Amino acid sequence: MAKTTPEIKTQKVVNEFSVNIATVNGSGSQTANMTLIRSIFKMGIPVSGKNIFPSNIQGLPTWYKIRVSKYGYLARTQKTEIAVAMNPKTFTDDLNELIPGGVFLYADHIKEPILREDLLLCPMPVKTIVKQANPPRKLRDYVANMVYVGVLAYLLDIQLDTLKSALEFHFKGKQSAVDFNLSVIRDAFQWAENNLEIVSPFKVQPLNLTDGCHLAKGNTAGALGTIYGGMHFLSWYPITPATSLPEAIHAYAPDLRKDPETGKNTYVIIQAEDELAAIGMLVGAGWAGLRAMTATSGPGLSLMGEYASLAYFAEIPIVVWNVQRVGPSTGLPTRTAQGDVNLTYYLGQGDTEHVVLIPGSVKECFEFGWKALDLAELLQTPVFVLSDLDLGQNQWITPPFEYPDTPIERGKILWEEDLEKIKDDWGRYLDLDGDNIPYRTVPGNQHPKSAYFTRGTGHDDYAKYSEKPEDWEENLDRIKRKVDSSRNILPEPEITTRSGSKNGIIAFGSTDFAVREACDYLEAEGVKLDYLRLRALPVSSKVLEFIRKYERVYVIENNRDGQMHSILSLELPDRASDLVSLSHIDGLPLCAEWIKDAVLEEEKS
Amino acid sequence: MAEKKVKLNELGLTKEDYKGQKSTLCLGCGHNAIVGQVISACFELNIPPEKVFKVSGIGCSSKAPTYFMKRSFGFNGLHGRMPSLATGAAFGDTSMIGIGVSGDGDTASIGMGQFKHITRRNLPFLYIVANNGVYGLTKGQFSATAEKGLALKKQGQNRYVPVDIVWEAIAGRASFVARTFSGDPQQLKALIMAGLHHRGIAVIDVISPCVTFNNQDDSFHSYAWGKSHEVALHKLSFVPPVEAIKVEYEKGESLDVPLFDGTHIILKKLAHDYEPTDRARALQMLEDANRQNELITGLIYINPKQKSLFDLYDLPDTPLNRLPDEKLRPSPESIEEINQLML
């Protein structure tokens, strides 16, 4: 009989709690966790799932955090109402993390002491139920995870039919797999129904808040956006947490990018030997008139610095996604951060400053996927997309992806017939239109005037080698004006106001979810903040206007040094002292509680 | 004065049309001979200059593309990273002919990784290494191909054994590997011509003396040593398809290597009885030559049938960089199906 503490009375909480599932890496808990999250989503309840995993393939502890929120709060939360302990190694920590009155599910073969008396305990006979199901030996661990799905379903009030449809989606019509997993879930559910004395105060009840939405990861969205953006060329090198982006291109491009008339592929994918080569290929392809992209993370981006600098200087369009992880060095490769803001913005030797797009949602990952390719060719410069592990690799609720609303932008490319019309000499770096963007030709153009020589060395308007001081200065100044002019065409910031706010708050990327939640909490505490979410660098004038409007503006970021804060301070030096940096990094996504406390602390002073 | 008759090729172009900027390399630099033979080969093969893209890394060698084919697209990339640049560039329009010039530092030191991978991928591309055993632009340091014991003015004696670029190319599964000598212009030109018609990577390691920093008579990369130690494997000629039928050669004395486009390489036997179609044998031959202190030149390995990188991608006939926008973006209808796949 399960040891229970019936004197614990917790108020019933519906659709507002989080579940921490602790398993062993490589034990196949992914299917179990996805089944739970999809079921809750299908019930119309906002939900998010975060995989907190080690840099390891098999054997180390891993956690999956499910947050259920009728308010639509999808960020990580510090509070854990329900814990599932399947891993003896983390058993005590998982137990201690629970709030008083929390529910603790654990595999009953784990014989660790339970020293807390303020929890609702639920030992699960995992081995007995698995034995009953009699799966093939190698599937035992995997099936064991379905036990907690069944028990949780009973405790939370998730219907078996809902679980079934989640399994059907997961196994895409593989009926035997659906049936087998469902039978284990059903056994566990029945066991719970017949044996459990505790009643979970935490319940789910159907809502209609996920209608029309989907669950997806930022990396998948970025990949699809890139495919719809007409990418021709992808060269990449595996690195956590970027890998799943090129892999998704690999998975979707064969269907989406086969020419229906000829059956031929309209794209090329090369897995390069390293990031040095990945970006080298990218620069070659961009130069040759291909829409070229890659995805990497901090260490890879460091290796890409020299070619990125050349592409900036020689004005070659390429797109580089940086799905950030924790650095410096190898850092915490499987944990999230926003620590590469400076590295990305200024990547390269000499004076470089790049165009950087910063998606703050899965839907925006899709949108910036295609927009980045357009902007790169329009501006003839590298465009970076700054995402992170939390956005890229975790499951988020998202509105449907929207088909691009503007045609493909190829920028100023001259072909044979265009050159035919030009009477004078054509110069690769001549600013004919006064917009700082020159015209380019690409290899393959057969016009005798088409060719020019691209170099990373000093050159004049006609791409001829030059060490003349005025050539160098004029050229580099024009490039700066060109990148500066992008401020007017890059995605504008998103501003949310509350009446009567005297201070503002600025954030970007994946922290958006936590910041919005924190702003609600702060308002309840009497602190109203207008919120601006940055979506691109260099910043638009709207960002500067926003900063000027308030007595004080907090800049929230998931890094140590407040990198975006320094960029903004440089943009508005006269207001630098009113910009307050609130930055924090420990490997976990920022949560609203931390932001709220940090702001309140500042508000006191 | 009578007008000098200018020789035209079948495209009606003069040799001048194949030249580039005036060379700024040292007078007598072996690399100038390479430049000259690239110009002659392309002129004689009637290659439209616009059909060529030329790339390089960094170093004296990598300046060479500036000095030939001014009507071709060119890209002077990064040190050791010409191979990746060429790989990306080649996919813009796969009907283009890629020519790269690299050096021994650019290929065998900083660029060793990319070099091995471009050979393994078998990109259709002429990869010329202007190999002089020394860093010229930084004024006289040992390169990775410098022989052990070589003495240089500022460096003293070289402690390390050299990298053999030909050996590395063969080990890297390049499908066309040759070694030649700047002082042997005929063979150099014939190899360039053959390399330009080979569908796959054609690596030509050209021993190309540095007259300023490494041309001592006893130095492996000098003119004097090359002239006195060169052993040509065969007399090599490149034969375009129209002429192929006319060529008569003595059976048993020559080897005919047909290339994918109907051209031929004819190898007339000289001192050695050598067929360049066996990888293991090629490596053995290099070892023997090394022991005998010979500078072996000629076509050392070829496999005209090895699948090229382009053959591994099912690409449309229209060059990728000319595909109309509507071929690049999936249909509006498809987005709904994609959204349904997300949950």
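Of the 272 residues in the largest nonpolar core, which touch the most other members? In this predicted model, they are Ala85(A), Phe104(A), Leu105(A), Val147(A), Tyr148(A) and Val151(A). The element that gives the most to this core is helix α4 of chain A, spanning residues 140-156, with 12 residues. When neighbours within four places in sequence are left aside, Phe104(A) is in contact with Ala83(A), Ala85(A), Leu95(A), Leu98(A), Leu119(A), Leu120(A), Leu121(A) and Cys122(A). Another core, of 10 residues, lies apart from the largest one, and its members include Cys29(B), Cys60(B), Leu150(B) and Phe213(B). In soluble globular proteins, nonpolar side chains tend to be buried together.

Chain A is divided into four parts, namely domain 1 (13-203), domain 2 (216-398), domain 3 (416-488) and domain 4 (494-604). Between the C-alpha centres of domain 2 of chain A and domain 4 of chain A the distance is 27 Å, and the contact of these two domains draws 21 residues from domain 2 and 20 residues from domain 4. On the side of domain 2 that touches domain 4, at least two residues each are supplied by α11 (341-345), β14 (355-357), β15 (382-388) and α13 (389-393) of chain A. That side of domain 2 is made up, by class, of 10 nonpolar, 7 polar and 4 charged residues.

Attention now turns to helix α16 of chain A and the strands around it. Helix α16(A) comprises 13 residues, 512-524, and reaches 19 Å from its first C-alpha to its last, which is close to the 18 Å expected at 1.5 Å a residue. Within α16(A), the buried residues are Asp512(A), Phe513(A), Ala514(A), Val515(A), Arg516(A), Glu517(A), Ala518(A), Cys519(A) and Leu522(A). These buried residues pack against three strands of chain A, β19 (503-508), β20 (529-534) and β22 (552-557), and against helix α19 (592-604) of chain A. Just after α16(A), Gly526(A) adopts a positive phi of about 90°.

Strand β22(A), against which α16(A) packs, is largely enclosed by the rest of the structure, because 5 of its 6 residues are buried. Strands β19(A) and β22(A) run parallel and are joined by 4 bridges, with Val555(A) in β22(A) as the bridge partner of Ile506(A). Strand β22(A) is also joined by 5 bridges to β23 (residues 579-583) of chain A, again in a parallel arrangement, and here Val555(A) stands opposite Ser581(A) in β23(A). Val555(A) is thus paired with Ile506(A) and with Ser581(A).

The contact between the chains takes 56 residues from chain A and 45 residues from chain B. On the side of chain A that touches chain B, β9 (214-216), α7 (218-228), β10 (233-236), β11 (268-271), α9 (275-287), α10 (298-314) and β17 (453-455) each supply at least two residues, and α9(A) gives the most, with 9 residues. By class, this side of chain A has 33 nonpolar, 15 polar and 8 charged residues. Strand pairing also links the two chains, since 3 bridges join β17(A) to strand β2 (residues 73-76) of chain B, the two strands running parallel. In this pairing, Thr454(A) stands opposite Phe75(B) in β2(B).

Note on methods:
Residues numbered from 1 in each chain as written. Chains lettered and ligands numbered in written order. Predicted model: local features only at pLDDT ≥ 70, side-chain atom pairs only at ≥ 80, totals over all residues. Expected span 1.5 Å × (residues − 1). Buried ≥ 20, exposed ≤ 12 C-beta atoms within 10 Å, placed from the backbone. Contact = placed C-beta atoms within 7 Å. Nonpolar A, V, L, I, M, F, W, Y, C, P; charged D, E, K, R; others polar. Pairing = 2+ DSSP bridges. Core = buried A, V, L, I, M, F, W, Y, C linked by C-beta atoms within 7 Å. Domains from an automatic or database assignment.
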